[in-house]
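Work through the exercises below with the sequence and the model at hand. Each task is followed by a stepwise solution.

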Amino acid sequence: MTKKKNEFLAVLFLTLIVFISVVALTLTNEITKDKIKIANKEAITEMLATLFPEMEDFTLDEESGLYTPLTGGESLGHAFMATATGYGGAIDILIGLEPDATLRGIKIISHQETPGLGAKITEPFFLDQFQGISAEQVALARNDGEIDAITGATISSTAVVNAVKGAVLKKMDDLNKEVEGN
């Protein structure tokens, strides 16, 4: 009987520990969720401001993931996220579009590319090539495009180019459908 009593107490003790942990995590989530939302909005605002320096505010269509930077209540264009798979893993990209659908530019949000090689996708000499060009021009120079690949990082360069081109064409198609629907 003592063995069963010990087993019961062990189960009861573990159940109590789990219950206390769940309550603590729930309370922590409630306390921090507003701070996390504020921090996320600040981070997004900072990222958008790198592509749209004149931006005063922005709106977000949560369904489509489309950010609309605003100044004086007027749209400066659109921004949205794209993901590529590079040599080292996922590459998250913020893409800015002008109202006439030319690229405002791109920003690499995160990546896992090789330091010194693939990581050069974050450097201005690569990123600046995406400014002021159309979606059709987003291709590597060897494929009759406007983007020079990074020497030694062809996979990373190609991944970014393909993700940007694909995402821009899809968003432009979505925006055109939205305009036609109104």
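The model is predicted.

**Exercise 1.** Classify D174 as buried, partly exposed or exposed, and describe its salt bridge.

Solution.
1. The relative accessible area of D174 is 28%.
2. Buried requires under 20% and exposed over 50%, so D174 is partly exposed.
3. The D174 side chain forms a salt bridge with that of K170, at 3.2 Å from N to O.
4. Both residues belong to helix α3, where 4 residues, about one turn of the helix, set them apart.
5. Elsewhere, E54, E98 and R104 are joined into one network by salt bridges that share partners.

**Exercise 2.** Contrast the salt bridge of R104 and E54 with that of E30 and K33 in terms of where the partners lie in the chain.

Solution.
1. In the pair of R104 and E54, the closest N and O atoms are 3.0 Å apart.
2. This pair links distant parts of the chain: R104 is in strand β6, whereas E54 is in the loop between α1 and β1, 50 residues apart.
3. R104 has a relative accessible area of 16% and is therefore buried; E54, at 36%, is partly exposed.
4. E30 and K33 form a salt bridge of 3.4 Å, N to O.
5. Because E30 and K33 are 3 residues apart in helix α1, about one helical turn separates them.
6. Both partners are partly exposed: E30 at 45% and K33 at 36%.
7. In total, the structure holds 4 salt bridges.

**Exercise 3.** Describe how strands β5 and β6 pair, and identify the residue of their hairpin that takes a positive phi.

Solution.
1. Strand β5 covers residues 90–97 and strand β6 residues 103–110.
2. The two strands run antiparallel and are joined by 6 bridges.
3. One bridge partner pair is D92 with S110, the latter in β6.
4. The hairpin has 5 residues between the strands, and A101 takes a positive phi near 75°.

**Exercise 4.** Which residues form the nonpolar surface patch, and which gather in the patch of negative charge?

Solution.
1. The nonpolar patch consists of L16, F19, I20, V23, L27 and I31, with about 600 Å² of accessible area together.
2. L16 lies in helix α1, residues 2–51, and is partly exposed at 47% relative accessibility.
3. The negative patch consists of D61, E62, E63 and E178.
4. E63 sits in the loop between β1 and β2; its relative accessible area is 81%, so E63 is exposed.

Key. Residues numbered from 1 in each chain as written. Predicted model: local features only at pLDDT ≥ 70, side-chain atom pairs only at ≥ 80, totals over all residues. Heavy atoms only, no water. Patch = residues over 30% accessible without salt bridge, like charges linked within 9 Å, V, L, I, M, F, W, Y side chains within 5 Å. Areas by Shrake-Rupley, 256 points an atom, 1.4 Å probe, with all protein chains shown as cover. Buried < 20%, exposed > 50% of the residue type's maximum accessible area, 1.4 Å probe, protein only. Pairing = 2+ DSSP bridges. Lys, Arg positive; Asp, Glu negative; His and termini not counted. Charge placed at Lys NZ, Arg CZ, Asp CG, Glu CD.
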